[in-house]
Amino acid sequence: QGRRRRVVYGDRRPRADRVVLTEVGLAPEGDAAFPALDPTAWAEVSRDAPPRGPKDDASFVVKVFERL
């Protein structure tokens, strides 16, 4: 039987006007997920990909979305 996936912040999203989302270049095991943003309701307004540091296990990208 598969594990049930928990949605993180799902109940708060309808009230949000801005989302700061960090995408990490890893695929760890777990049961929590942030649901996909609807591209008809959200626009990416900025993106930053800082250089990977010597102690970082993975690269990452910080994206900022605003509600349309």
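In this predicted model, D17 touches four residues beyond its neighbours within four places in sequence, namely W42, F65, E66 and R67. The residue sits in the loop between β1 (6-7) and β2 (18-24). Its partner E66 lies 49 residues away in sequence, yet the two C-alpha atoms are 5.8 Å apart in space. Despite these contacts, D17 counts as exposed, because its relative accessibility of 56% is over the 50% cut-off.

The wider fold gives this loop its setting. The protein contains 0 helices and 5 strands, and the pattern along the sequence reads β-β-β-β-β. Three of the strands form an open sheet in the order β2-β5-β4, with antiparallel pairing. At the edges lie β2 and β4 (42-48), each of which pairs on one side only. Direction ignored, neighbouring strands of this sheet are turned by 25° against each other on average. Strands β2 and β5 (residues 60-67) run antiparallel and are joined by 7 bridges; within this pairing, V19 has F65 of β5 as its bridge partner.

Both members of that bridge pair return in the interior. The largest nonpolar core has 6 residues, made up of A16, V19, L21, L37, W42 and F65. W42 and F65 thus belong to this core and are also among the contacts of D17. Another core member, L21, is in contact with F34, V61, V62, K63 and F65, once its neighbours within four places in sequence are left aside.

Charged side chains add a further set of links, with 3 salt bridges in the structure. Side chains of opposite charge can pair when their charged atoms come close. R18 and E66 meet in one such bridge, with an N to O distance of 2.7 Å. R18 belongs to strand β2 and E66 to strand β5, so this pair ties together parts of the chain 48 residues apart in sequence. R18 is partly exposed, with a relative accessible area of 48%, and E66 is also partly exposed, at 32%. E66 is thus both a contact of D17 and the salt-bridge partner of R18.

A second salt bridge joins K63 and E23, whose closest N and O atoms are 3.0 Å apart. Here too the pair links distant parts of the chain, with K63 in strand β5 and E23 in strand β2, 40 residues apart. The two ends of this bridge fall into separate accessibility classes: K63 counts as buried, because its 10% relative accessibility is under the 20% cut-off, whereas E23 is partly exposed at 36%. K63 is also one of the residues in contact with L21.

The remaining salt bridge is formed by E44 and R47, with 2.7 Å between the closest N and O atoms. E44 is partly exposed, with a relative accessible area of 35%, while R47 is exposed at 52%.

Whole-chain values complete the picture. Of the 68 residues of the protein, 15% count as buried. The exposed area comes to about 5800 Å², of which carbon and sulfur atoms supply 50%. Among contacts between residues at least 6 apart in sequence, 67% join residues at least 24 apart.

How values were computed:
Residues are numbered from 1 along each chain as its sequence is written. This is a predicted model: local features need pLDDT of at least 70, side-chain atom pairs count only at pLDDT 80 or more; totals for chains, interfaces and linings use all residues. Side-chain values use heavy atoms; hydrogens and water are left out. Helices (H or I, at least four residues) and strands (E, at least two) are DSSP runs, numbered from the N terminus. Buried means under 20% relative accessible area, exposed over 50%, partly exposed in between (1.4 Å probe, protein chains only). Contact means heavy atoms within 4.5 Å. A nonpolar core is a set of buried Ala, Val, Leu, Ile, Met, Phe, Trp, Tyr and Cys residues joined through side-chain atoms within 4.5 Å. Two strands pair if DSSP finds at least two bridges between them. Axes are lines fitted to C-alpha atoms, for helices over the stretch in contact, and angles run from 0 to 180 degrees between N-to-C directions. Accessible areas come from the Shrake-Rupley method with a 1.4 Å probe; for residues, only the protein chains shown count as cover. A salt bridge is a side-chain nitrogen of Lys or Arg within 4 Å of a carboxyl oxygen of Asp or Glu.
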